[in-house]
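I opened the model to look up one residue and the sheets, and kept notes as I went. The entries follow in the order of looking.

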Amino acid sequence: MSRHRVSRYLLLVVFLPMLAACLPENEMMARQYVVEWPEQHLLFIADSRVGKVQSFFLGSGAPVASAQSHDAQRSSVRDLQLDAQRGQLWVLGDDGVSVHKARGLVLQKHISLDTQQVSTMRIEDGRVVLFDDTGERVGQIDPRTLVASWLLPDHRG
């Protein structure tokens, strides 16, 4: 009987990785996004499977939980960017881009966008630039007005 159990467990050991390989990539492996704000001793962490962002205070000891975002619209995170000059944390989610006050993670504005073509963003020359999977610029957001503009004429946002 124990020999039979061992063969079943061995079968599971072989079968489970094969089954996991059939899962979509975004369900199989979570990605964590980490942004540090050294001047304020803050660390921001988000998990791609969860729509929340957490901040931690980096004092002299272990990191201490400081705040958590409460954006009910967002169910996943695709990227985080810190605009230290304005004190804003930009969060690319599945439903658009959210702008949070970096201290306390209070939602300042949610910009609804069709983010199917957007995979990352960067803060460049005073604006937030949106990129697709290939690294091509597809749009930008002006942080002063919080208005998005698309660089592709056929984009339906």
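Entry 1, an acidic residue. I began with Asp-79, which lies in strand β5 (residues 77–83); strands here are DSSP runs of E of at least two residues, helices are runs of H or I of at least four, and both are numbered from the N terminus. The model is predicted, so I note that local features need pLDDT of at least 70, side-chain atom pairs count only at pLDDT 80 or more, and totals for chains, interfaces and linings use all residues. Residues are numbered from 1 along each chain as its sequence is written, and side-chain values use heavy atoms, with hydrogens and water left out.

Which side chain of opposite charge is nearest to Asp-79? I found Arg-31, 6.3 Å away, and Asp-79 is buried yet has no salt bridge. Buried means under 20% relative accessible area, exposed over 50%, and partly exposed in between, with a 1.4 Å probe and protein chains only. For charge, Lys and Arg count as positive and Asp and Glu as negative, while His and the chain ends are not counted. A salt bridge is a side-chain nitrogen of Lys or Arg within 4 Å of a carboxyl oxygen of Asp or Glu.

I then looked for what does sit by the Asp-79 side chain: one of its polar atoms is 2.8 Å from the backbone nitrogen of Met-121. Leaving aside neighbours within four places in sequence, Asp-79 is in contact (heavy atoms within 4.5 Å) with Tyr-33, Trp-90, Val-91, Leu-92, Ser-119, Thr-120 and Met-121.

Entry 2, the chain as a whole. I counted 2 helices and 12 strands, and from the N terminus both helices precede the strands. Of the 157 residues, 37% are buried. Among contacts with a separation of 6 or more, 33% are between residues 24 or more positions apart.

Entry 3, the sheet that holds β1. This is an open sheet of 4 strands in the order β1-β2-β3-β4, with antiparallel pairing; two strands pair if DSSP finds at least two bridges between them. β1 (32–37) and β4 (64–68) are at the edges with a single partner strand each, so one side of each has no neighbour in the sheet. From one strand to the next the twist averages 25 degrees; axes are lines fitted to C-alpha atoms, for helices over the stretch in contact, and angles run from 0 to 180 degrees between N-to-C directions.

I checked the pairs next. β1 and β2 are antiparallel and joined by 6 bridges, with Phe-44 of β2 as the bridge partner of Val-35. Their hairpin has 4 residues between the strands, and His-41 takes a positive phi near 60 degrees there. β2 (residues 42–47) and β3 (residues 53–57) pair over 5 bridges, and Ile-45 stands opposite Gln-54.

Which residues form the covered face of β1? I noted Tyr-33, Val-35 and Trp-37, with Gln-32, Val-34 and Glu-36 on the uncovered face. In a regular strand the side chains alternate between the two faces of the sheet.

Entry 4, a loop glycine. Gly-87 is in the loop between β5 and β6 (88–93). It counts as buried because its relative accessibility is 16%. Not counting residues up to four places away, Gly-87 touches Trp-37, His-100, Lys-101 and Ala-102.

Key:
A polar contact is a pair of N or O atoms within 3.5 Å; within protein, one must be able to donate a hydrogen and the other to accept it, and residues adjacent in sequence count only if both atoms are side-chain atoms.
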